[in-house]
Amino acid sequence: MYDDLAALLKKNNASLTQPRKKIFDLLLNQEPQTVQVLVRRAAGEVDRATVYRAIELFERLGIAHRLNIGWKYKIELSDIFAKHHHHFYCTNCGNTFNLSQNTMLETMIDSVSSKTGFSPRGHQLEVYGLCANCQSS
Ligand SMILES: [Zn+2]
Ligand SMILES: [Zn+2]
């Protein structure tokens with residue numbers, strides 16, 4: 001995991017510094033998080049500006065990507081470091097949930113873009129609405 005990360009950084013003339021490693025650890029196997037949450041979790045080890053810079057770099061190199069949900073966004077690791085998945089975003093409580101894997105959906109997205117003459121390398125898909133909890137309250 002760290003080897004892949006280090007190699008990717010190196011290819012782009014960057015190195016796996018301690019702060020970058022820390023931010024990567026905070027993102028690994030986690031639900032999407034806002035940068036504010038990451039800043040809070042890194043507090044004491046990595047300062048705010050460094051967290052923002054690391055996220056910026058991760059996004060630019062495709063290590064992490066942002067999910068636009070409503071007017072804000074959350075960060076999670078890209079498909080290189082996490083299993084490909086989609087999200088459901090609850091507009092009431094703000095929680096994000098992973099949707100279960102669906103091969104048909106994946107094939108369909110690829111074939112739709114191929115038919116249009118594109119060569120798809122990836123996609124993001126977010127579904128929003130109310131989660132089960134918020135529907136019942
Ligand atoms: Zn909810
Ligand atoms: Zn997909």
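## Accessibility and the predicted model

A residue is called buried when its relative accessible area is under 20%, exposed when that area is over 50%, and partly exposed in between. These classes are applied here to a predicted model.

## Overall architecture

The chain contains six helices and five strands. Read from the N terminus, these elements follow the order α-α-α-α-β-β-β-β-α-β-α. The C-alpha trace extends over about 45 × 40 × 25 Å along its principal axes.

Of the 137 residues in the chain, 36% are buried. When contacts between residues at least 6 apart in sequence are considered, 49% of them join residues at least 24 apart.

## Two domains and their interface

The domain assignment divides the chain into domain 1, covering residues 1-80, and domain 2, covering residues 83-137. Eleven residues from domain 1 and ten residues from domain 2 take part in the contact. The C-alpha centres of the two domains are 22 Å apart.

Together, domain 1 and domain 2 bury about 880 Å², and carbon and sulfur atoms account for 45% of this area. The number of salt bridges between domain 1 and domain 2 is zero.

## The cysteine zinc site

The zinc ion designated ligand 1 has as its protein donors the SG atoms of Cys90, Cys93, Cys131 and Cys134, at 2.2 to 2.4 Å. The angles among the four donor atoms run from 104 to 118°, and the site is tetrahedral. Along the chain, the donors of this ion show the spacing C-x2-C-x37-C-x2-C.

Cys90 and Cys131 connect distant parts of the chain, being 41 residues apart. Cys90 belongs to strand 3, while Cys131 is found in the loop between strand 5 and helix 6 (132-136). Both of these cysteines are buried.

## The histidine and glutamate zinc site

For the zinc ion designated ligand 2, the protein donors are NE2 of His84, NE2 of His86, NE2 of His123 and two OE entries of Glu106, at 1.9 to 2.4 Å. The donor residues of this ion have the sequence spacing H-x1-H-x19-E-x16-H. His84 and His123 link parts of the chain that are distant, with their positions 39 residues apart in the numbering. His84 sits in the loop between strand 2 (72-77) and strand 3 (86-90), and His123 in the loop between helix 5 (103-115) and strand 5 (126-129).

The two histidines fall into separate accessibility classes. His84 counts as buried because its relative accessibility is 17%. His123 has a relative accessibility of 22% and therefore counts as partly exposed.

## Salt bridges

Side chains of opposite charge can pair when their charged atoms come close. The structure holds two salt bridges. In one of them, the side chains of Glu45 and Lys22 meet at 3.0 Å, N to O. Because Glu45 lies in the loop between helix 3 (35-42) and helix 4 (48-60) and Lys22 lies in helix 2 (residues 18-27), this pair ties together parts 23 residues apart in sequence. Glu45 counts as exposed, since its relative accessibility is 57%.

A salt bridge also joins the side chains of Glu59 and Arg66, with an N to O distance of 2.7 Å. Glu59 counts as partly exposed because its relative accessibility is 24%. Arg66, at 32% relative accessibility, likewise counts as partly exposed.

Note on methods
Residues numbered from 1 in each chain as written. Chains lettered and ligands numbered in written order. Predicted model: local features only at pLDDT ≥ 70, side-chain atom pairs only at ≥ 80, totals over all residues. Heavy atoms only, no water. Donors = N, O, S within 2.8 Å, 3.2 Å for Na, K, Ca; no water. Helix = DSSP H or I, 4+ residues; strand = E, 2+ residues; numbered from the N terminus. Buried < 20%, exposed > 50% of the residue type's maximum accessible area, 1.4 Å probe, protein only. Tetrahedral: all angles 85-135°; square planar, octahedral: opposite > 155°, others 65-115°. Salt bridge = Lys/Arg side-chain N within 4 Å of Asp/Glu carboxyl O. Domains from an automatic or database assignment. Contact = heavy atoms within 4.5 Å. Buried area = accessible area lost by both parts, 1.4 Å probe.
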